[in-house]
Amino acid sequence: MVEIRGIEFQANTDNDMGIEFYNLSHRFGFQCPNWPYFKDVQIDRKHYMAKSGVLSQTITTTMHVTTHIDAPAHVVQGTPFIDEVPLPHFFGSGIVVSIPKKKWEPITADDLEKACGHAIRPGDVLIINTGWHKEYEDGDYFAYCPGLVKSAGEWMVEKGIKVVGHDTQANDHPLATAIGPQRNGPIMPHLEQEYFEWSGGRDWKDDFPEWEPVHNVLFNNGILGIENVGGDLDAVTGKRCTFAFFPWNWDRGDGCIIRLVAMIDKGQQYRIEAGENF
């Protein structure tokens, strides 16, 4: 048991079910880190204890902030919205794999094959730990993240994974988004010269010629992506777990903030109910 504000609860890793629960989500709330051109999260207390004896809050937010899942319709026109994706795609078993990466380094198909090609199974949830979740704060996290490149998305399609999650800012490298020279970008034009110097003289348009190619590969093949994974990620890295991350039933939703949870049942005593009548 654990006591929180004077009330006892069953604990995440010590409870009657015998299941260990691990939070893999960053916090959501006031001044949480935000993608460079999004409006800040706004939270207003419409009722509070001194006023009404209850607490009721109103939230104004994009759904693409903190740990969230993208619907295919977020990027690919004519594909499913979040409420149209069947529920099995928000639950399942899979692995958390360590692929350490630094500033702007790509996550490639070769990286994935070396790290987990022997362990990945068709239908798996794949969570990638680059170590970048430790940099999650208002600032350099978004502009300088490592990121998935097209070969990684093609590898996931070939392996038949169901969902991919990662501790970086988007399903693509940041310079393959509007942060770099894509679509409405560059929203951070100073990065062009920085990339030129960092890469030893390469033009970012040559290295990132396509707009969000990983988003497009994944979503056109029914693979959803979870961005900004964090929390207790290190505690389950290298392990096979069960994951749950259900979004709101939001009509025509482009994505949704989620509570990504990894579960481990060491005793193998807990079972999902068979649905018998009572």
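Two people talk through a predicted model and the labels its parts earn.

Colleague: Why is helix H2 called oblique to helix H4?

Modeller: H2 (residues 109-116) and H4 (residues 150-159) pack at an angle of about 45 degrees. Angles under 35 degrees would count as roughly parallel, and 65 to 115 as roughly perpendicular. The value of about 45 degrees fits neither range, so H2 is oblique to H4. The axes of the two helices are 7 Å apart.

Colleague: Which residues make that contact?

Modeller: From H2 come Ala109, Leu112, Glu113 and Cys116. From H4 come Ser151, Ala152, Trp155, Met156 and Lys159. By class, the contact has 6 nonpolar, 1 polar and 2 charged residues.

Colleague: Now the rings. How many aromatic pairs are found in the whole structure?

Modeller: The search finds 12. One of them joins Trp104 and Trp198.

Colleague: What makes Trp104 and Trp198 an edge-to-face pair?

Modeller: Two values. Their centres lie 5.5 Å apart, and the cut-off for a pair is within 6.5 Å. Their planes are 80 degrees apart, and over 60 counts as edge-to-face. Both tests are met, so the pair is edge-to-face.

Colleague: What does the pair of Trp104 and Trp198 tie together?

Modeller: Trp104 lies in the loop between strand S7 (91-98) and strand S8 (106-107), while Trp198 lies in helix H5 (residues 191-198). The pair therefore ties together parts that are 94 residues apart in sequence. Trp104 and Trp198 also belong to one aromatic cluster with Tyr144, Tyr195 and Phe208.

Colleague: How do you know whether Trp104 and Trp198 are buried or exposed?

Modeller: Buried means under 20% relative accessible area, and exposed means over 50%. Trp104 has 1%, so Trp104 is buried. Trp198 has 39%, which lies in between, so Trp198 is partly exposed.

Colleague: What makes you say that the charge of Lys103 sits over the ring of Trp104?

Modeller: The charged end of Lys103 is 4.7 Å from the ring centre. The distance limit is within 6 Å, and the charge must also be within 35 degrees of the ring normal. Arg183 lies over the face of Trp211 too, at 4.0 Å from the ring centre.

Colleague: What is unusual in the backbone, as a general rule?

Modeller: Most residues other than glycine have a negative phi, and most peptide bonds are trans. Trp104 is not a glycine, but has a positive phi of about 65 degrees. Thr66 is not a glycine either, and its phi is positive, about 50 degrees. Thr66 sits in the loop between strand S5 (56-60) and strand S6 (68-70). At 1% relative accessibility, Thr66 counts as buried.

Colleague: Which peptide bond is cis?

Modeller: The bond from Gly185 to Pro186, with omega near 0 degrees. Pro186 lies in the loop between strand S11 (163-166) and H5.

Colleague: Why is helix H7 called largely enclosed?

Modeller: Of the 8 residues in H7 (residues 213-220), 6 are buried, so H7 is largely enclosed by the rest of the structure. The buried ones are Pro213, Val214, His215, Val217, Leu218 and Phe219.

Colleague: What covers the buried residues of H7?

Modeller: The cover includes S6, strand S10 (147-148), H4, S11 and strand S12 (224-227). After H7 comes Gly222, with a positive phi near 75 degrees.

Note on methods: Residues are numbered from 1 along each chain as its sequence is written. This is a predicted model: local features need pLDDT of at least 70, side-chain atom pairs count only at pLDDT 80 or more; totals for chains, interfaces and linings use all residues. Side-chain values use heavy atoms; hydrogens and water are left out. Axes are lines fitted to C-alpha atoms, for helices over the stretch in contact, and angles run from 0 to 180 degrees between N-to-C directions. Helices (H or I, at least four residues) and strands (E, at least two) are DSSP runs, numbered from the N terminus. Angles under 35 degrees count as roughly parallel, over 145 as roughly antiparallel, 65 to 115 as roughly perpendicular and the rest as oblique. Contact means heavy atoms within 4.5 Å. Ala, Val, Leu, Ile, Met, Phe, Trp, Tyr, Cys and Pro count as nonpolar, Asp, Glu, Lys and Arg as charged, and the others, Gly among them, as polar. Rings of Phe, Tyr and Trp (its six-membered ring) pair if their centres lie within 6.5 Å; planes under 30 degrees apart count as stacked, over 60 as edge-to-face and the rest as tilted. Buried means under 20% relative accessible area, exposed over 50%, partly exposed in between (1.4 Å probe, protein chains only).
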